[in-house]
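Subject: the structure you wanted to look at

Hi,

Here is the structure I said I would pass on. Have a look at it first, then read on for my notes.

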Amino acid sequence: RRDPSADVLLDLDGQVLVIDPKGEYWVRFSVCRVAATKERPHGLRYSLTLHGPDGGRLVGFDNAHSVRASRSPGGRGRGGYDHKHRFQTVRPYQFKDPASLLEDFWAEVDSVLKQKGVV
């Protein structure tokens, strides 16, 4: 079964959107279909990022590499590829579907912009 929200996500590929009135904060989408694998069972390779005035990444959701399940001694093993970055922190992300990915990304963007006093 084809998920129509995957088409929405794929249509965002290559888009860069300025998201604040001063033009200092922007998001970038990079999304493509790939063969479904153990690392990417949903068949998507993606990177959704929020950048600040200096161009640095503030938020990112991607599946470019594996991440540790946790920093605790029991979390040393590699987890899945889906993860999120918030400032300097990287945590596993539970990918449900493309629509949820977009919803979770925008919620994180809103949270960071509020924290920065942008919105």
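Below is what I found, going from the overall layout to a few single residues.

Please keep in mind that this is a predicted model.

**The layout**

The protein chain has two helices and six strands, and along the sequence they come in the pattern α-β-β-β-β-β-β-α. Of its 119 residues, 34% are buried. If you take the contacts with a separation of 6 or more, 40% of them are between residues 24 or more positions apart.

**How the strands pair**

Strand β1 (residues 16-18) runs antiparallel to β2, and three bridges join them. If you want a spot to look at there, L17 is opposite V27 in β2. β2 is also paired with β3, again in the antiparallel sense, this time over eight bridges. In that pairing, R28 has T49 in β3 as its bridge partner.

Further along, β5 and strand β6 (residues 89-92) make an antiparallel pair with four bridges. These two form a hairpin with two residues between them, and F87 in the turn takes a positive phi of about 55 degrees. H85 is bridged to V90 in β6; H85 comes up again further down.

**The core**

The largest nonpolar core holds 21 residues, and the ones touching the most other members are L9, Y46, L48, L50, F61, L101 and F105. Two or more residues each come from α1 (4-11), β2 (26-33), β3 (44-51), β4 (57-62) and α2 (98-115). The biggest contribution is from α2, with six residues.

L9 is a handy place to start looking. Setting aside residues up to four places away in sequence, L9 touches V31, L44, L48, P98, L101 and L102.

**The two helices**

Which residues of α1 are buried? They are S5, A6, L9 and L10. Those four sit on the same side of α1, because the arc they cover around the axis is only 145 degrees. That fits the usual geometry: an α-helix has 3.6 residues a turn, so residues three or four places apart point the same way. Among the elements covering the buried residues of α1 are β2, β3 and α2. On the face turned away from the buried side you will find the exposed residues P4 and D11.

As for α2, the buried residues are P98, S100, L101, L102, F105, E108, V109, V112 and L113. They pack against α1, β2, β3, β4 and β5 (83-86). I also checked the length: at 1.5 Å a residue, the 18 residues of α2 should span 26 Å, and the end C-alpha atoms are indeed 26 Å apart. The N-terminal end of α2 is capped by D97, with a side-chain oxygen 3.1 Å from the backbone nitrogen of A99. Just after α2 comes G117, which has a positive phi of about 75 degrees.

**Two polar residues to look at**

Start with N63, in the loop between β4 and β5. Is N63 buried or exposed? N63 counts as buried, because its relative accessibility is 0%. Its side chain has polar partners on the backbone: a polar atom of the N63 side chain lies 2.7 Å from the backbone oxygen of L44, and the side chain also reaches the backbone nitrogen of Y46 at 3.0 Å. Leaving out residues up to four places away in sequence, N63 touches R40, H42, L44, R45, Y46, Y81, D82 and H83.

The other one is R57, in strand β4. With a relative accessible area of 39%, R57 is partly exposed, since exposed would need over 50% and buried under 20%. Which residues is R57 in contact with, beyond its neighbours within four places in sequence? The set is T49, L50, H51, D62 and H85. With H85 there is a polar contact between the two side chains, at 3.1 Å. R57 and H85 are 28 residues apart in sequence, and their C-alpha atoms are 8.6 Å apart in space. So R57 touches T49, the residue named above in β3, as well as H85, the one bridged to V90.

Best wishes

How values were computed
Residues are numbered from 1 along each chain as its sequence is written. This is a predicted model: local features need pLDDT of at least 70, side-chain atom pairs count only at pLDDT 80 or more; totals for chains, interfaces and linings use all residues. Side-chain values use heavy atoms; hydrogens and water are left out. A nonpolar core is a set of buried Ala, Val, Leu, Ile, Met, Phe, Trp, Tyr and Cys residues joined through side-chain atoms within 4.5 Å. Buried means under 20% relative accessible area, exposed over 50%, partly exposed in between (1.4 Å probe, protein chains only). Contact means heavy atoms within 4.5 Å. The expected span of a helix is 1.5 Å times one less than its number of residues. A polar contact is a pair of N or O atoms within 3.5 Å; within protein, one must be able to donate a hydrogen and the other to accept it, and residues adjacent in sequence count only if both atoms are side-chain atoms. Two strands pair if DSSP finds at least two bridges between them. The arc is that of the directions from the helix axis to the C-beta atoms.
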